Amino acid sequence: MERILVLNGPNLNLLGERDPAHYGTKALDEINEGLFVKASELGVELVCFQSNHEGYLIDKIHSERKSCQGIIINPGALAHYSYAIRDALEAVALPVVEVHLSDITRREEWRSESVVSPVAWRVVIGRGWMGYIEALEVLVSHLRE
Ligand code: DQA
């Protein structure tokens with residue numbers, strides 16, 4: 001059974017109460033519940049981890065690199081400046097799907113660039129919580145090609 005690492009970065013623990021116009025009304029636990037349902041339909045195992053700390057996210061990428069076959073990550077604002085997250089993802093050489101709930105290309109100028117995207121296999125933006133489900137589906141079908 002494939003195992004997928006699902007990472008969420010800073011402030012995504014506040015989903016549901018944080019800026020619902022951009023991020024929707026579902027809490028992160030509810031989004032993860034939906035992912036677990038989809039994962040069991042697809043027959044894959046998930047490891048979900050959220051941190052507000054860049055280094056903890058990097059430690060998780062490192063520690064799961066041999067036990068997971070792919071990564072889904074919403075880096076939050078780290079997407080816009082963390083070359084360390086980018087390098088960690090590149091170093092482990094697993095297929096990565098980057099997710100953003102909001103359409104970062106249609107918001108503030110500083111949000112429109114992601115330094116993580118160049119090392120992502122796919123990027124899903126502006127699809128709300130469904131973006132995570134889509135990310136899981138495309139990643140699993142890619143792993144099974
Ligand atoms: C986000 C977009 C980022 O710009 C922001 O800092 C977030 C959430 C999104 O999911 O749309 O924390 O990654």
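This is a short talk on one predicted model with a ligand, going from its sheet to the ligand site and then to two backbone oddities.

Okay, let's start with the sheet. What is the strand order? Reading across, the order is 2-1-3-4-5. That's five strands in an open sheet, and the pairing is parallel. Who's at the edges? Strand 2, residues 45–50, is at one of them, and strand 5, residues 122–125, is at the other. Each of those two has a single partner strand, so one side of each is left without a neighbour in the sheet. As for twist, neighbouring strands here are turned by 15° against each other on average, if you ignore direction.

Now look at strand 1, because I think it's a nice place to get your bearings, and I'll start with how covered it is: five of its six residues are buried. On one flank, strand 1 pairs with strand 2 in the parallel sense, over six bridges. It also pairs with strand 3, residues 70–74, again parallel, and there the count is five bridges. If you want a single residue to click on, take Leu7. Its bridge partner in strand 2 is Phe49, and its bridge partner in strand 3 is Ile73.

On to the ligand. Which residues surround the ligand? Going along the chain, you've got Arg18, Tyr23, Asn74, Gly76, Ala77, His80, His100, Leu101, Ser102, Ile104 and Arg111. Sorted by class, that shell comes out as four nonpolar, five polar and two charged residues.

There are three polar contacts I'd like to point at. Leu101 uses a backbone N or O atom, which sits 2.8 Å from a ligand oxygen. Arg18 uses its side chain instead, with an N or O atom 3.0 Å from an oxygen of the ligand. And Ala77 has a polar backbone atom 3.1 Å from a ligand oxygen. How much of the ligand does the protein cover? Taken on its own, the ligand has 320 Å² of accessible area, and the protein covers 99% of that.

While we're in this area, have a look at Ala21, which belongs to helix 1. Buried or exposed? Ala21 counts as exposed, because its relative accessible area is 77%, and the cut-off for that is over 50%. Now compare its position with Ser102, one of the residues around the ligand. Ala21 and Ser102 are 81 residues apart along the chain, yet their C-alpha atoms are separated by 9.1 Å.

Last bit: backbone oddities. As a reminder, most residues other than glycine have a negative phi. Which residues go the other way? I've picked out two. Asn11 has a positive phi, near 75°. You'll find Asn11 in the loop between strand 1, residues 3–8, and helix 1, residues 20–23. Its relative accessibility is 36%, so Asn11 counts as partly exposed.

The other one is Ala93, with a positive phi of about 55° even though it isn't a glycine. Ala93 is also a loop residue, placed between helix 4, residues 83–92, and strand 4, residues 96–100. At 64% relative accessibility, Ala93 counts as exposed.

That's my tour. Happy to pull up any of those spots on the screen.

Note on methods:
Residues are numbered from 1 along each chain as its sequence is written. This is a predicted model: local features need pLDDT of at least 70, side-chain atom pairs count only at pLDDT 80 or more; totals for chains, interfaces and linings use all residues. Side-chain values use heavy atoms; hydrogens and water are left out. A residue is near a molecule or strand if one of its heavy atoms lies within 4 Å of it. A polar contact is a pair of N or O atoms within 3.5 Å; within protein, one must be able to donate a hydrogen and the other to accept it, and residues adjacent in sequence count only if both atoms are side-chain atoms. Accessible areas come from the Shrake-Rupley method with a 1.4 Å probe; for residues, only the protein chains shown count as cover. Ala, Val, Leu, Ile, Met, Phe, Trp, Tyr, Cys and Pro count as nonpolar, Asp, Glu, Lys and Arg as charged, and the others, Gly among them, as polar. Helices (H or I, at least four residues) and strands (E, at least two) are DSSP runs, numbered from the N terminus. Buried means under 20% relative accessible area, exposed over 50%, partly exposed in between (1.4 Å probe, protein chains only). Two strands pair if DSSP finds at least two bridges between them. Axes are lines fitted to C-alpha atoms, for helices over the stretch in contact, and angles run from 0 to 180 degrees between N-to-C directions.
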